[in-house]
Amino acid sequence: MKNLDLSNKRVLVTGASSGLGLEMARQLARDHKAHPILVARRRDRLADLAKELEQLGASPELIAADMTRADDRARVFAETTERAPLAAAILNAGVTFFGRAVEQGRESVDGLIATNVTAVVDLSLRYVSYFKQRGDGGGLLLVSSMASLQPMPYQATYGASKAFVTSFGQALAEEHAGDALSVTTFCPGGIATDMIESAGMSEKYNKDHPMVMAVEPCARLALGAFVRRDRVYVPGALNKLTALSSKLAPMSLVTKLVARDYRDVLPKR
Ligand SMILES: NC(=O)c1ccc[n+]([C@@H]2O[C@H](COP(=O)([O-])OP(=O)(O)OC[C@H]3O[C@@H](n4cnc5c(N)ncnc54)[C@H](OP(=O)(O)O)[C@@H]3O)[C@@H](O)[C@H]2O)c1
């Protein structure tokens, strides 16, 4: 199948109000000449970004929506597909919790699973069916994480939610290998965004940490893998090496190493 050509095409980006989603939307408009459809809960931030993208020559659309709500997800699907064709969808919205799983609290657990898992499954199935029906080479990008590659003590629900996404994305890609569409799963390591900051991890995992990437190159690599229609992509040489090591080493050892690394930050909360 040919590479994705996003030029002059409408592309959905969830979680576009900050971090990786915001930067991917910016690069889609600037470098790919696409028209991003911006989705997140914070409408004011989306409106600011839409103004910036208009300056870049794009015609952005804005949908304020909460991915934990089934009615909002149905509205996003309808608004992105009914008024004009959609070329590609990037499901990037996500949340984390850092700390012992028993301390997370029911509401936070439910919100994390709804955002990172339920919404991703719901919208993936809708968009894959839509792209299959259109038969014109649509692309779906799922933003997962290297946290999906091994158990994540102290980010237990987050790691498990991303393990779901990485497994689901690859399975979907195989089920549609013969169809005119692609499913790409992106697995970054740390990225210097609000997520790390608000999880209380930024003292250690900040832009000076070798495993934490700046958001601009990370977004560029994500969009590169998306356009090439890669099935799974881990950005950066060090991340690739770490991903390979965690595949080769015993899972019990890798789990202990993750826990040891995170314990440095944990008591300061
Ligand atoms: N930062 C990292 O180290 C890292 C590493 C690997 C993978 N990732 C993944 O990268 C993706 C983007 O994260 P980020 O680092 O850019 O974090 P971020 O800066 O906190 O951005 C998260 C985005 O998700 C949106 N979002 C969260 N809950 C939502 C909901 N219920 N409904 C709609 N939108 C929602 C937020 O928008 P509103 O709050 O305005 O709704 C925001 O735009 C996530 O899937 C994350 O798991 C991040």
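Which strands does helix H4 (residues 106-134) lie across? In this predicted model, helix H4 lies across strand E1 (10-14), strand E4 (88-91), E5 and E6, and the helix runs at about 165 degrees to E5.

**The sheet**

The strands just named belong to an open sheet of seven strands, whose order is E3-E2-E1-E4-E5-E6-E9 and whose pairing is parallel. The edge strands of this sheet are strand E3 (61-64) and strand E9 (232-233), each of which pairs on one side only.

Two of the pairings can be followed residue by residue in the structure. Strand E5, made of residues 138-143, pairs in the parallel sense with strand E6, made of residues 181-186, over six bridges, and Gly138 stands opposite Leu181 in E6. Towards the E3 edge, strand E2 (residues 35-40) pairs with E3, again in the parallel sense, over four bridges, and here Ala40 stands opposite Ala64 in E3. Between E2 and E3 the chain passes through helix H2 (residues 43-55), and the β-α-β crossover made in this way is right-handed.

A further helix, H7 (residues 215-228), lies across E4, E5, E6 and E9, and its direction is at about 150 degrees to that of E6.

**The ligand and its surroundings**

The model also holds a ligand, and 31 residues are found around it, of which Ser18, Arg41, Asn92, Tyr158 and Thr193 come nearest. Three of the polar contacts with the ligand are set out below, with the part of each residue that takes part and the ligand atom that it faces.

| Residue and part | Ligand atom | Distance |
|---|---|---|
| Arg42, N or O atom in the side chain | oxygen | 2.7 Å |
| Met67, backbone N or O atom | nitrogen | 2.8 Å |
| Tyr158, polar side-chain atom | oxygen | 2.6 Å |

How much of the ligand does the protein bury? Taken alone, the ligand exposes 880 Å², and the protein buries 95% of that area.

Several elements take part in the shell around the ligand, and those that give two or more residues to it are helix H1 (19-31), helix H5 (156-175), strand E7 (190-191) and helix H6 (194-198). Among the elements, H6 gives the most to this shell, with three residues.

Notes
Residues are numbered from 1 along each chain as its sequence is written. This is a predicted model: local features need pLDDT of at least 70, side-chain atom pairs count only at pLDDT 80 or more; totals for chains, interfaces and linings use all residues. Side-chain values use heavy atoms; hydrogens and water are left out. Two strands pair if DSSP finds at least two bridges between them. Contact means heavy atoms within 4.5 Å. Axes are lines fitted to C-alpha atoms, for helices over the stretch in contact, and angles run from 0 to 180 degrees between N-to-C directions. A crossover is right-handed if, with the strands pointing away from the viewer, the path from the first strand over the helix to the second runs clockwise. A residue is near a molecule or strand if one of its heavy atoms lies within 4 Å of it. A polar contact is a pair of N or O atoms within 3.5 Å; within protein, one must be able to donate a hydrogen and the other to accept it, and residues adjacent in sequence count only if both atoms are side-chain atoms. Accessible areas come from the Shrake-Rupley method with a 1.4 Å probe; for residues, only the protein chains shown count as cover.
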